[in-house]
Amino acid sequence: GKREMLERERAEEALRQSEKQYRDLYEEAPNAYFSISTKDGSILRVNDAAVRLFGYGWEEFERLKVFDLYAHTADGLPKAQRLFEGFLEGQSISDEEMQMRRKDGALIWTSLSAAPITDDEGNVVESRSTVIDITERKKLELSLKEASQLNETIFASSPIGITMYDSAGQCISANDSFGSIFGTTSEQMLAQNFHDIGFWKKCGLYEKALESLSIGKPLTHEVN
């Protein structure tokens with residue numbers, strides 16, 4: 001009896017320590033963690049990172065449903081509702097880009113992943129969700145997209161003839177001005193490889209192109 005009592009106490013202490021370590025990991029994690037009831041979407045628990053990210057206090061979170069945190073945009077509430085329904089049917093949620101809304105009304109982009117918590121009968125009763133703020137990354141992606149679109153507009157509308165070749169020498173693009181100046185079609189230009197253009201070799205442009213590729217910098221060359 002005494003030995004069994006000691007073993008039980010040790011097991012209970014080990015369980016308490018394990019639970020404490022889990023709580024510490026949960027509370028102090030750098031990403032926002034949510035425990036969500038699958039019954040009605042109630043927010044059961046959040047960690048400090050969630051409080052910082054969304055601006056709500058602990059008590060405020062307890063009065064909210066998880067759907068209250070999503071923006072009323074295509075990548076917000078409608079998408080969240082679809083994912084939640086699929087999650088209840090056993091579909092996984094991993095790195096889904098979602099648009100959410102802070103307490104102050106500011107929209108943020110997040111990456112959402114969720115793992116199911118089941119009862120003894122295998123029913124999903126809770127969602128453990130991880131929310132990562134990717135707002136800055138999305139801003140950068142948008143800036144790069146806008147810059148790319150601007151470059152494409154300049155390339156297409158420029159009165160200067162412009163062609164682009166890949167590192168293997170194959171022509172990958174030519175604007176209309178180039179075709180007008182040299183009397184060639186887009187199909188003819190795209191069939192070219194500058195390694196095979198005799199004129200480039202005669203005028204020194206070929207050597208200049210190879211030099212530019214080797215040093216990774218643009219160079220200029222006048223052709224008479």
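The points below go through the sheet, its helices, the enclosed and open spaces, and two backbone details of a predicted model.

1. The main sheet. Five strands form an open sheet in the order β2-β1-β5-β4-β3, and their pairing is antiparallel. The edge positions are taken by β2 (43-46) and β3 (93-101), each of which has a single partner strand, so one side of each is left without a neighbour in the sheet. Averaged over the sheet and with direction ignored, neighbouring strands are turned by 30° against each other.

2. The β1-β2 pairing. Strand β1, residues 32-37, is joined to β2 by three bridges, and the two strands run antiparallel. Within this part of the sheet, S35 stands opposite R45, which belongs to β2.

3. Helices across the sheet. Helix α4, made of residues 77-88, lies across β1, β3, β4 (107-118) and β5 (124-133), and its direction makes an angle of about 145° with that of β3. Helix α5, made of residues 135-157, lies across β3, β4 and β5, and runs at about 130° to β4.

4. The cavity. Which elements line the enclosed space, and which of them gives the most residues? The search of the whole structure finds one cavity of 30 Å³ or more, and the space in the largest cavity comes to about 180 Å³. Its lining consists of 17 residues, of which V66, Y70, F84, L112 and S129 lie nearest the centre. Two or more lining residues come from each of β1, α4, β3, β4 and β5, with α4 giving the most, namely four residues. Helix α4 thus appears twice in this note, as an element lying across β1, β3, β4 and β5 and as a contributor to the lining of the largest cavity. By class, this lining holds 15 nonpolar and two polar residues, and no charged residues.

5. The pocket. The largest pocket holds about 770 Å³ of space, and 24 residues line it, with T163, Y165, F178, W200 and L205 lying nearest its centre. At least two lining residues are supplied by each of β6 (163-165), α6 (176-182), α8 (198-203) and α9 (205-215), and α9 gives the most, with five residues. The lining of this pocket divides into 15 nonpolar, seven polar and two charged residues.

6. The β6-β7 hairpin. Strand β6, which supplies at least two residues of the lining of the largest pocket, is joined by three bridges to strand β7 (residues 171-174), and the two run antiparallel. M164 has S173 in β7 as its bridge partner. Five residues lie between the strands of this hairpin, in which G169 takes a positive phi near 95°.

7. A backbone detail in β3. Most residues other than glycine have a negative phi. Against that background, a reviewer may wish to look at D95, whose phi is near 55°, a positive value in a residue other than glycine. Is this residue buried or exposed? D95 has a relative accessible area of 51% and is therefore classed as exposed, the cut-off being over 50%. Its place is in strand β3, which stands at an edge of the five-stranded sheet and has a single partner strand there.

How values were computed: Residues numbered from 1 in each chain as written. Predicted model: local features only at pLDDT ≥ 70, side-chain atom pairs only at ≥ 80, totals over all residues. Heavy atoms only, no water. 1 Å grid on protein atoms, 1.4 Å probe; cavity = no way out; pocket = protein on both sides within 12 Å on 5 of 7 lines; lining within 4 Å. Points joined across faces, edges and corners; volume = space filled by probe spheres on them. Nonpolar A, V, L, I, M, F, W, Y, C, P; charged D, E, K, R; others polar. Pairing = 2+ DSSP bridges. Axes fitted to C-alpha atoms, helices over the stretch in contact; angles between N-to-C directions. Contact = heavy atoms within 4.5 Å. Buried < 20%, exposed > 50% of the residue type's maximum accessible area, 1.4 Å probe, protein only.
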